[in-house]
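Let's work through a few exercises on how two chains sit together. Have the sequence and the 3D view open as you go.

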Protein chains: 2
Amino acid sequence: MARAAARIPLGKETESSDRVLQILSESARLFAASGYDGTSMRDIALACGISKSLLYHHFADKDEIFARIALGATRELYHFVHERLPEGAPPSARIRAFMTATGDYFQRYRWAWLASTASFWNDPEARRQKERMMWRDRYEGLIRTLISEAIEAGEIRPVDVALAVRLVLSSLNWMHRWHKPDKSMNPVQIADSYFEMIFNGLKQN
Amino acid sequence: MARAAARIPLGKETESSDRVLQILSESARLFAASGYDGTSMRDIALACGISKSLLYHHFADKDEIFARIALGATRELYHFVHERLPEGAPPSARIRAFMTATGDYFQRYRWAWLASTASFWNDPEARRQKERMMWRDRYEGLIRTLISEAIEAGEIRPVDVALAVRLVLSSLNWMHRWHKPDKSMNPVQIADSYFEMIFNGLKQN
DNA sequence: CTTGCGACTGACCGGTTGGTCGGTAGAATG
DNA sequence: CATTCTACCGACCAACCGGTCAGTCGCAAG
(Lines give C-alpha, C1' and ligand atoms only; values in the text may rest on other atoms or scores of the structure.)
Protein backbone atom coordinates (compact mmCIF):
# COMPACT_ATOMS: atom_id res chain seq x y z
CA MET A 1 0.00 0.00 0.00
CA ALA A 2 2.68 2.45 1.02
CA ARG A 3 4.75 1.49 -2.01
CA ALA A 4 1.88 2.10 -4.35
CA ALA A 5 1.03 5.35 -2.64
CA ALA A 6 4.61 6.48 -3.12
CA ARG A 7 3.86 6.71 -6.82
CA ILE A 8 1.63 9.66 -6.07
CA PRO A 9 3.62 12.89 -6.25
CA LEU A 10 2.75 15.03 -3.26
CA GLY A 11 4.33 18.14 -1.89
CA LYS A 12 6.54 17.43 1.07
CA GLU A 13 4.57 19.83 3.24
CA THR A 14 1.26 18.01 2.94
CA GLU A 15 0.90 15.22 5.46
CA SER A 16 -1.61 12.55 4.60
CA SER A 17 -2.66 9.37 6.31
CA ASP A 18 -1.92 6.00 4.76
CA ARG A 19 -5.60 5.64 3.96
CA VAL A 20 -5.71 8.92 2.05
CA LEU A 21 -2.58 8.00 0.11
CA GLN A 22 -4.10 4.63 -0.72
CA ILE A 23 -7.28 6.26 -2.01
CA LEU A 24 -5.28 8.70 -4.12
CA SER A 25 -3.10 5.93 -5.48
CA GLU A 26 -5.93 3.59 -6.44
CA SER A 27 -7.94 6.48 -7.86
CA ALA A 28 -5.05 7.56 -10.05
CA ARG A 29 -4.75 4.05 -11.43
CA LEU A 30 -8.47 3.87 -12.15
CA PHE A 31 -8.73 7.39 -13.59
CA ALA A 32 -5.78 6.61 -15.84
CA ALA A 33 -7.38 3.40 -17.07
CA SER A 34 -10.98 4.51 -17.50
CA GLY A 35 -11.05 8.29 -17.29
CA TYR A 36 -12.91 10.50 -14.84
CA ASP A 37 -16.43 9.65 -15.95
CA GLY A 38 -15.60 6.00 -16.40
CA THR A 39 -14.51 5.61 -12.80
CA SER A 40 -17.24 5.49 -10.15
CA MET A 41 -16.88 6.09 -6.46
CA ARG A 42 -17.91 2.45 -6.01
CA ASP A 43 -15.01 1.37 -8.18
CA ILE A 44 -12.59 3.35 -6.06
CA ALA A 45 -14.01 2.03 -2.80
CA LEU A 46 -13.87 -1.54 -4.08
CA ALA A 47 -10.27 -1.16 -5.25
CA CYS A 48 -9.34 0.15 -1.78
CA GLY A 49 -11.31 -2.54 0.02
CA ILE A 50 -13.35 0.01 1.94
CA SER A 51 -16.91 1.33 1.91
CA LYS A 52 -18.01 4.11 -0.35
CA SER A 53 -18.99 6.21 2.65
CA LEU A 54 -15.41 6.28 3.86
CA LEU A 55 -14.36 8.09 0.71
CA TYR A 56 -16.68 10.93 1.71
CA HIS A 57 -15.20 10.94 5.19
CA HIS A 58 -11.76 11.74 3.75
CA PHE A 59 -12.79 13.77 0.70
CA ALA A 60 -15.62 16.21 0.06
CA ASP A 61 -16.57 14.71 -3.30
CA LYS A 62 -15.26 12.87 -6.33
CA ASP A 63 -13.90 16.04 -7.84
CA GLU A 64 -11.69 16.70 -4.83
CA ILE A 65 -9.99 13.32 -5.25
CA PHE A 66 -9.28 14.01 -8.89
CA ALA A 67 -8.23 17.61 -8.30
CA ARG A 68 -5.73 16.54 -5.65
CA ILE A 69 -4.14 14.00 -8.01
CA ALA A 70 -4.08 16.35 -10.98
CA LEU A 71 -2.83 19.36 -9.04
CA GLY A 72 -0.16 17.29 -7.32
CA ALA A 73 1.01 15.78 -10.58
CA THR A 74 1.26 19.16 -12.28
CA ARG A 75 2.85 21.05 -9.40
CA GLU A 76 5.46 18.40 -8.72
CA LEU A 77 6.28 18.10 -12.42
CA TYR A 78 7.41 21.70 -12.31
CA HIS A 79 9.54 21.19 -9.19
CA PHE A 80 10.94 17.89 -10.43
CA VAL A 81 12.10 19.31 -13.75
CA HIS A 82 13.19 22.65 -12.31
CA GLU A 83 15.50 20.94 -9.81
CA ARG A 84 17.15 18.90 -12.55
CA LEU A 85 18.21 21.76 -14.84
CA PRO A 86 22.02 21.95 -14.56
CA GLU A 87 22.92 25.45 -13.38
CA GLY A 88 25.51 27.27 -15.40
CA ALA A 89 25.28 24.80 -18.27
CA PRO A 90 24.67 26.11 -21.80
CA PRO A 91 20.98 26.52 -22.75
CA SER A 92 20.99 23.58 -25.14
CA ALA A 93 22.20 21.25 -22.38
CA ARG A 94 19.46 22.60 -20.14
CA ILE A 95 16.86 22.00 -22.85
CA ARG A 96 18.05 18.42 -23.08
CA ALA A 97 17.81 18.09 -19.30
CA PHE A 98 14.30 19.55 -19.40
CA MET A 99 13.23 16.86 -21.83
CA THR A 100 14.89 13.88 -20.13
CA ALA A 101 13.66 15.01 -16.70
CA THR A 102 10.12 15.14 -18.04
CA GLY A 103 10.56 11.61 -19.37
CA ASP A 104 11.89 10.55 -16.00
CA TYR A 105 8.91 12.08 -14.21
CA PHE A 106 6.57 10.36 -16.61
CA GLN A 107 7.92 6.90 -15.82
CA ARG A 108 8.04 7.54 -12.07
CA TYR A 109 4.51 8.86 -11.65
CA ARG A 110 2.91 7.18 -14.62
CA TRP A 111 -0.60 6.70 -13.18
CA ALA A 112 -0.94 10.18 -11.77
CA TRP A 113 0.33 11.70 -15.02
CA LEU A 114 -2.03 9.60 -17.12
CA ALA A 115 -4.96 10.38 -14.86
CA SER A 116 -4.36 14.11 -14.99
CA THR A 117 -3.93 14.24 -18.76
CA ALA A 118 -6.61 11.68 -19.67
CA SER A 119 -9.31 13.86 -18.19
CA PHE A 120 -7.94 17.18 -19.32
CA TRP A 121 -10.84 17.53 -21.68
CA ASN A 122 -14.07 17.85 -19.83
CA ASP A 123 -13.14 20.50 -17.32
CA PRO A 124 -15.24 23.50 -18.14
CA GLU A 125 -15.44 24.27 -14.45
CA ALA A 126 -12.08 25.98 -14.32
CA ARG A 127 -12.17 27.31 -10.80
CA ARG A 128 -10.57 24.27 -9.25
CA GLN A 129 -8.15 23.94 -12.16
CA LYS A 130 -6.84 27.47 -11.79
CA GLU A 131 -3.95 26.61 -9.50
CA ARG A 132 -3.13 23.59 -11.64
CA MET A 133 -2.92 25.79 -14.73
CA MET A 134 -0.57 28.12 -12.88
CA TRP A 135 1.93 25.31 -12.37
CA ARG A 136 1.44 24.13 -15.93
CA ASP A 137 2.25 27.66 -17.13
CA ARG A 138 5.36 27.74 -14.97
CA TYR A 139 6.47 24.42 -16.38
CA GLU A 140 5.97 25.63 -19.94
CA GLY A 141 7.66 28.90 -19.00
CA LEU A 142 10.82 26.94 -18.21
CA ILE A 143 11.21 25.58 -21.73
CA ARG A 144 10.17 28.87 -23.28
CA THR A 145 12.90 30.69 -21.38
CA LEU A 146 15.48 28.06 -22.24
CA ILE A 147 14.74 28.23 -25.96
CA SER A 148 14.86 32.03 -25.91
CA GLU A 149 18.20 31.91 -24.12
CA ALA A 150 19.53 29.36 -26.61
CA ILE A 151 18.63 31.72 -29.44
CA GLU A 152 20.28 34.67 -27.71
CA ALA A 153 23.37 32.57 -27.08
CA GLY A 154 23.47 31.65 -30.76
CA GLU A 155 23.10 27.95 -30.04
CA ILE A 156 19.89 27.55 -32.02
CA ARG A 157 18.46 29.43 -34.99
CA PRO A 158 16.05 32.34 -34.47
CA VAL A 159 12.94 30.20 -34.92
CA ASP A 160 9.44 31.01 -33.70
CA VAL A 161 9.85 30.43 -29.96
CA ALA A 162 6.20 29.60 -29.29
CA LEU A 163 6.17 26.97 -32.04
CA ALA A 164 9.47 25.44 -30.94
CA VAL A 165 8.04 25.20 -27.43
CA ARG A 166 4.98 23.42 -28.80
CA LEU A 167 7.15 21.03 -30.78
CA VAL A 168 9.16 20.02 -27.72
CA LEU A 169 6.10 19.68 -25.49
CA SER A 170 4.17 17.76 -28.15
CA SER A 171 6.82 15.09 -28.41
CA LEU A 172 6.86 14.65 -24.62
CA ASN A 173 3.13 14.93 -23.98
CA TRP A 174 2.10 12.55 -26.73
CA MET A 175 4.27 9.77 -25.32
CA HIS A 176 1.61 8.57 -22.92
CA ARG A 177 -0.65 7.76 -25.84
CA TRP A 178 1.61 5.10 -27.28
CA HIS A 179 4.33 4.18 -24.79
CA LYS A 180 4.00 0.95 -22.83
CA PRO A 181 6.30 0.42 -19.82
CA ASP A 182 7.60 -2.89 -21.14
CA LYS A 183 9.08 -1.33 -24.24
CA SER A 184 12.79 -1.65 -24.82
CA MET A 185 13.36 2.10 -24.62
CA ASN A 186 12.33 3.92 -21.48
CA PRO A 187 10.89 7.45 -21.49
CA VAL A 188 14.22 9.03 -20.57
CA GLN A 189 15.96 7.45 -23.55
CA ILE A 190 13.08 8.41 -25.80
CA ALA A 191 13.16 12.02 -24.60
CA ASP A 192 16.91 12.07 -25.19
CA SER A 193 16.47 10.79 -28.75
CA TYR A 194 13.78 13.38 -29.38
CA PHE A 195 16.15 16.12 -28.26
CA GLU A 196 18.85 14.86 -30.59
CA MET A 197 16.48 14.72 -33.55
CA ILE A 198 14.91 18.13 -32.89
CA PHE A 199 18.22 19.82 -32.13
CA ASN A 200 20.27 18.42 -34.99
CA GLY A 201 17.40 17.91 -37.44
CA LEU A 202 16.69 14.89 -39.59
CA LYS A 203 18.37 16.29 -42.70
CA GLN A 204 21.52 14.65 -44.03
CA ASN A 205 24.23 17.29 -44.20
CA MET B 1 -27.76 21.90 -41.11
CA ALA B 2 -26.36 20.64 -44.39
CA ARG B 3 -23.40 22.97 -43.99
CA ALA B 4 -22.65 21.67 -40.53
CA ALA B 5 -23.12 18.09 -41.67
CA ALA B 6 -20.61 18.73 -44.43
CA ARG B 7 -17.98 18.93 -41.71
CA ILE B 8 -18.42 15.23 -41.15
CA PRO B 9 -16.04 13.24 -43.34
CA LEU B 10 -17.93 10.37 -44.94
CA GLY B 11 -16.96 7.99 -47.67
CA LYS B 12 -18.51 8.96 -50.99
CA GLU B 13 -20.22 5.60 -51.27
CA THR B 14 -22.32 5.95 -48.12
CA GLU B 15 -25.56 7.81 -48.72
CA SER B 16 -27.18 9.25 -45.64
CA SER B 17 -30.30 11.29 -45.07
CA ASP B 18 -30.09 14.86 -43.90
CA ARG B 19 -31.36 13.75 -40.51
CA VAL B 20 -28.59 11.18 -40.11
CA LEU B 21 -25.97 13.71 -41.14
CA GLN B 22 -27.40 16.20 -38.67
CA ILE B 23 -27.22 13.66 -35.86
CA LEU B 24 -23.64 12.78 -36.73
CA SER B 25 -22.67 16.43 -36.95
CA GLU B 26 -24.19 17.45 -33.64
CA SER B 27 -22.86 14.32 -31.95
CA ALA B 28 -19.33 15.05 -33.17
CA ARG B 29 -19.54 18.54 -31.70
CA LEU B 30 -20.80 17.22 -28.37
CA PHE B 31 -18.37 14.30 -28.18
CA ALA B 32 -15.53 16.70 -28.95
CA ALA B 33 -16.61 19.06 -26.19
CA SER B 34 -17.53 16.60 -23.44
CA GLY B 35 -16.20 13.20 -24.44
CA TYR B 36 -18.12 9.99 -25.01
CA ASP B 37 -19.24 9.42 -21.42
CA GLY B 38 -19.95 13.09 -20.90
CA THR B 39 -22.43 13.20 -23.76
CA SER B 40 -25.83 11.59 -23.19
CA MET B 41 -28.32 10.51 -25.80
CA ARG B 42 -30.62 13.16 -24.35
CA ASP B 43 -27.98 15.81 -25.05
CA ILE B 44 -27.72 14.69 -28.65
CA ALA B 45 -31.49 14.61 -29.13
CA LEU B 46 -31.85 18.06 -27.60
CA ALA B 47 -29.09 19.51 -29.79
CA CYS B 48 -30.83 18.08 -32.86
CA GLY B 49 -34.29 19.24 -31.72
CA ILE B 50 -35.70 15.73 -31.94
CA SER B 51 -36.83 13.07 -29.52
CA LYS B 52 -34.44 10.58 -28.02
CA SER B 53 -36.38 7.72 -29.54
CA LEU B 54 -35.66 8.96 -33.04
CA LEU B 55 -31.96 8.45 -32.47
CA TYR B 56 -32.68 4.75 -32.00
CA HIS B 57 -34.70 4.73 -35.18
CA HIS B 58 -31.64 5.78 -37.16
CA PHE B 59 -28.91 4.13 -35.08
CA ALA B 60 -28.76 0.90 -33.13
CA ASP B 61 -27.19 2.45 -30.05
CA LYS B 62 -24.94 5.23 -28.80
CA ASP B 63 -21.83 3.32 -29.72
CA GLU B 64 -22.86 3.11 -33.35
CA ILE B 65 -23.11 6.88 -33.57
CA PHE B 66 -19.65 7.32 -32.14
CA ALA B 67 -18.16 4.48 -34.16
CA ARG B 68 -19.47 5.97 -37.38
CA ILE B 69 -17.91 9.34 -36.60
CA ALA B 70 -14.62 7.89 -35.43
CA LEU B 71 -14.29 5.36 -38.23
CA GLY B 72 -15.20 7.94 -40.84
CA ALA B 73 -12.72 10.45 -39.47
CA THR B 74 -9.89 7.92 -39.41
CA ARG B 75 -10.62 6.29 -42.78
CA GLU B 76 -10.99 9.60 -44.59
CA LEU B 77 -7.83 10.97 -42.96
CA TYR B 78 -5.90 8.23 -44.71
CA HIS B 79 -7.52 8.91 -48.09
CA PHE B 80 -7.25 12.68 -47.71
CA VAL B 81 -3.53 12.60 -46.96
CA HIS B 82 -2.75 9.79 -49.40
CA GLU B 83 -4.29 11.72 -52.29
CA ARG B 84 -2.20 14.79 -51.49
CA LEU B 85 1.24 13.18 -51.60
CA PRO B 86 2.92 14.50 -54.74
CA GLU B 87 3.86 11.53 -56.89
CA GLY B 88 7.40 11.41 -58.14
CA ALA B 89 8.52 14.13 -55.73
CA PRO B 90 11.51 13.47 -53.44
CA PRO B 91 10.64 11.79 -50.09
CA SER B 92 11.32 14.92 -48.07
CA ALA B 93 8.80 16.89 -50.13
CA ARG B 94 6.30 14.07 -49.62
CA ILE B 95 6.91 14.11 -45.86
CA ARG B 96 6.19 17.82 -45.87
CA ALA B 97 3.00 17.21 -47.84
CA PHE B 98 2.00 14.49 -45.38
CA MET B 99 2.28 16.96 -42.53
CA THR B 100 0.53 19.90 -44.16
CA ALA B 101 -2.26 17.68 -45.48
CA THR B 102 -2.84 16.38 -41.97
CA GLY B 103 -3.03 19.97 -40.75
CA ASP B 104 -5.49 20.75 -43.53
CA TYR B 105 -7.66 17.77 -42.60
CA PHE B 106 -7.59 18.85 -38.98
CA GLN B 107 -9.00 22.29 -39.73
CA ARG B 108 -11.61 20.95 -42.14
CA TYR B 109 -13.05 18.25 -39.93
CA ARG B 110 -12.17 19.68 -36.56
CA TRP B 111 -15.12 18.32 -34.58
CA ALA B 112 -14.99 14.81 -35.96
CA TRP B 113 -11.25 14.68 -35.38
CA LEU B 114 -11.57 15.97 -31.83
CA ALA B 115 -14.39 13.55 -31.08
CA SER B 116 -12.48 10.56 -32.33
CA THR B 117 -9.27 11.41 -30.46
CA ALA B 118 -10.89 12.70 -27.27
CA SER B 119 -12.44 9.33 -26.55
CA PHE B 120 -9.50 7.23 -27.66
CA TRP B 121 -8.94 6.17 -24.08
CA ASN B 122 -11.79 4.17 -22.76
CA ASP B 123 -12.26 1.72 -25.59
CA PRO B 124 -11.36 -1.65 -24.18
CA GLU B 125 -14.04 -3.20 -26.37
CA ALA B 126 -11.86 -3.30 -29.45
CA ARG B 127 -14.11 -5.25 -31.78
CA ARG B 128 -15.77 -2.21 -33.25
CA GLN B 129 -12.51 -0.28 -33.27
CA LYS B 130 -10.70 -2.92 -35.28
CA GLU B 131 -11.46 -1.41 -38.68
CA ARG B 132 -10.65 2.04 -37.38
CA MET B 133 -7.26 0.83 -36.17
CA MET B 134 -6.61 -0.63 -39.61
CA TRP B 135 -6.97 2.79 -41.21
CA ARG B 136 -4.93 4.38 -38.46
CA ASP B 137 -2.16 1.86 -39.16
CA ARG B 138 -2.31 2.60 -42.88
CA TYR B 139 -2.06 6.31 -42.16
CA GLU B 140 0.95 5.78 -39.93
CA GLY B 141 2.39 3.39 -42.51
CA LEU B 142 2.47 6.26 -45.00
CA ILE B 143 4.82 8.39 -42.93
CA ARG B 144 6.89 5.36 -41.91
CA THR B 145 7.47 4.47 -45.55
CA LEU B 146 8.28 8.05 -46.47
CA ILE B 147 10.89 8.39 -43.74
CA SER B 148 12.47 5.07 -44.68
CA GLU B 149 12.62 6.17 -48.31
CA ALA B 150 14.13 9.49 -47.33
CA ILE B 151 16.88 7.65 -45.46
CA GLU B 152 17.55 5.35 -48.41
CA ALA B 153 17.64 8.34 -50.73
CA GLY B 154 20.16 9.99 -48.44
CA GLU B 155 17.91 12.97 -47.74
CA ILE B 156 17.77 12.41 -44.02
CA ARG B 157 20.18 10.81 -41.56
CA PRO B 158 19.84 7.11 -40.62
CA VAL B 159 17.82 7.85 -37.49
CA ASP B 160 15.55 5.43 -35.64
CA VAL B 161 12.59 5.30 -38.04
CA ALA B 162 9.98 4.38 -35.42
CA LEU B 163 11.03 7.29 -33.21
CA ALA B 164 11.12 9.76 -36.09
CA VAL B 165 7.60 8.64 -36.99
CA ARG B 166 6.48 9.25 -33.42
CA LEU B 167 8.07 12.68 -33.42
CA VAL B 168 6.23 13.74 -36.57
CA LEU B 169 2.91 12.30 -35.44
CA SER B 170 3.27 13.78 -31.95
CA SER B 171 3.64 17.28 -33.28
CA LEU B 172 0.52 16.87 -35.43
CA ASN B 173 -1.63 14.97 -32.98
CA TRP B 174 -0.96 17.23 -30.03
CA MET B 175 -2.16 20.27 -31.95
CA HIS B 176 -5.79 19.73 -31.03
CA ARG B 177 -4.91 20.13 -27.36
CA TRP B 178 -3.82 23.73 -27.69
CA HIS B 179 -4.84 25.14 -31.07
CA LYS B 180 -7.87 27.41 -31.23
CA PRO B 181 -9.36 28.18 -34.67
CA ASP B 182 -9.07 31.92 -34.18
CA LYS B 183 -5.31 31.82 -33.84
CA SER B 184 -3.23 33.77 -36.31
CA MET B 185 -1.55 30.67 -37.73
CA ASN B 186 -3.74 27.96 -39.19
CA PRO B 187 -2.95 24.24 -38.83
CA VAL B 188 -1.44 24.03 -42.32
CA GLN B 189 1.05 26.79 -41.56
CA ILE B 190 1.84 25.23 -38.22
CA ALA B 191 2.44 21.82 -39.79
CA ASP B 192 4.68 23.44 -42.36
CA SER B 193 6.73 25.15 -39.65
CA TYR B 194 7.00 21.88 -37.75
CA PHE B 195 8.38 20.21 -40.85
CA GLU B 196 10.95 22.91 -41.30
CA MET B 197 12.09 22.70 -37.68
CA ILE B 198 12.22 18.91 -37.60
CA PHE B 199 13.90 18.59 -40.97
CA ASN B 200 16.55 21.30 -40.58
CA GLY B 201 16.86 21.10 -36.82
CA LEU B 202 16.95 23.95 -34.33
CA LYS B 203 20.74 24.06 -34.10
CA GLN B 204 22.60 27.10 -35.42
CA ASN B 205 25.10 25.92 -37.97
C1' DC C 1 -61.03 4.12 -49.23
C1' DT C 2 -57.70 1.09 -47.36
C1' DT C 3 -53.34 -0.58 -46.47
C1' DG C 4 -48.66 -0.18 -45.42
C1' DC C 5 -44.52 2.05 -44.29
C1' DG C 6 -41.02 5.16 -42.67
C1' DA C 7 -40.40 9.25 -39.63
C1' DC C 8 -41.38 10.43 -35.33
C1' DT C 9 -43.01 10.86 -30.19
C1' DG C 10 -43.78 10.40 -24.97
C1' DA C 11 -44.15 7.42 -21.33
C1' DC C 12 -41.67 4.08 -19.26
C1' DC C 13 -37.89 0.48 -17.67
C1' DG C 14 -34.07 -1.48 -14.83
C1' DG C 15 -29.70 -0.18 -13.52
C1' DT C 16 -26.06 3.01 -12.05
C1' DT C 17 -24.53 7.39 -10.61
C1' DG C 18 -22.71 10.78 -6.94
C1' DG C 19 -23.91 11.78 -2.55
C1' DT C 20 -26.38 11.50 2.35
C1' DC C 21 -27.52 9.84 6.90
C1' DG C 22 -27.89 7.45 11.21
C1' DG C 23 -25.27 4.72 13.65
C1' DT C 24 -21.20 1.68 15.57
C1' DA C 25 -16.59 0.25 17.38
C1' DG C 26 -12.56 1.56 19.63
C1' DA C 27 -9.05 4.34 21.40
C1' DA C 28 -7.91 8.53 23.92
C1' DT C 29 -9.14 11.93 27.43
C1' DG C 30 -11.21 13.65 31.72
C1' DC D 1 -17.27 5.47 34.40
C1' DA D 2 -18.66 9.12 31.00
C1' DT D 3 -17.36 11.82 27.11
C1' DT D 4 -15.52 12.84 22.78
C1' DC D 5 -13.39 12.10 18.52
C1' DT D 6 -12.01 9.67 14.41
C1' DA D 7 -12.44 5.86 11.30
C1' DC D 8 -15.70 3.32 9.38
C1' DC D 9 -20.15 0.93 7.49
C1' DG D 10 -24.95 -0.37 5.31
C1' DA D 11 -29.07 1.39 3.81
C1' DC D 12 -30.94 4.69 1.29
C1' DC D 13 -32.05 8.73 -2.15
C1' DA D 14 -33.13 11.56 -6.24
C1' DA D 15 -31.29 12.10 -10.62
C1' DC D 16 -29.79 10.43 -14.66
C1' DC D 17 -28.20 6.80 -17.75
C1' DG D 18 -28.91 3.90 -22.25
C1' DG D 19 -32.49 1.66 -24.22
C1' DT D 20 -37.57 -0.13 -25.21
C1' DC D 21 -42.22 0.06 -26.77
C1' DA D 22 -46.81 1.04 -28.16
C1' DG D 23 -48.71 4.13 -30.82
C1' DT D 24 -49.41 8.59 -33.94
C1' DC D 25 -48.92 11.07 -38.16
C1' DG D 26 -48.60 11.99 -43.16
C1' DC D 27 -47.98 10.15 -47.43
C1' DA D 28 -47.68 6.99 -51.33
C1' DA D 29 -49.25 2.68 -53.53
C1' DG D 30 -53.04 -0.66 -54.47
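**Exercise 1. Find out how many residues each chain brings to the contact, and how much area is buried.**

Start with the head count: chain B puts in 39 residues and chain A puts in 38 residues, where contact means heavy atoms within 4.5 Å. Before going further, note that this is a predicted model: local features need pLDDT of at least 70, side-chain atom pairs count only at pLDDT 80 or more, and totals for chains, interfaces and linings use all residues. Residues are numbered from 1 along each chain as its sequence is written, chains are lettered from A in the order in which they are written, and side-chain values use heavy atoms, with hydrogens and water left out.

Next, the area: chain B and chain A bury about 4,300 Å² between them, with 64% of it on carbon and sulfur atoms. Buried area here is the accessible area (1.4 Å probe) that two parts lose on being put together, summed over both.

**Exercise 2. Count the salt bridges and polar contacts between chain B and chain A.**

Step one: there are two salt bridges between the chains (a side-chain nitrogen of Lys or Arg within 4 Å of a carboxyl oxygen of Asp or Glu). One of the salt bridges pairs R157(A) with E196(B), and their closest N and O atoms are 2.9 Å apart.

Step two: 18 residue pairs are in polar contact across the interface, both residues at pLDDT 80 or more. The rule asks for a pair of N or O atoms within 3.5 Å; within protein, one must be able to donate a hydrogen and the other to accept it, and residues adjacent in sequence count only if both atoms are side-chain atoms.

**Exercise 3. Work out which helix gives the most to the side of chain B that touches chain A.**

List the candidates: α7 (110-118), α9 (161-173) and α10 (187-200) of chain B each supply at least two residues. Helices are DSSP runs (H or I, at least four residues), numbered from the N terminus. The winner is α10(B), with eight residues.

**Exercise 4. Describe how chain B is related to chain A.**

Superpose chain B on chain A: that takes a rotation of 179 degrees with 0.0 Å of shift along its axis, and the RMSD is 0.1 Å. The fit is by least squares on the C-alpha atoms of residues with pLDDT of at least 70 in both copies. The two copies are therefore related as by a two-fold rotation axis. In chain B, the C-alpha nearest the axis belongs to G201(B), 1.7 Å from it.

Finally, compare the surfaces: 97% of the interface residues of chain B are also interface residues in chain A, so the copies meet through the same surface.
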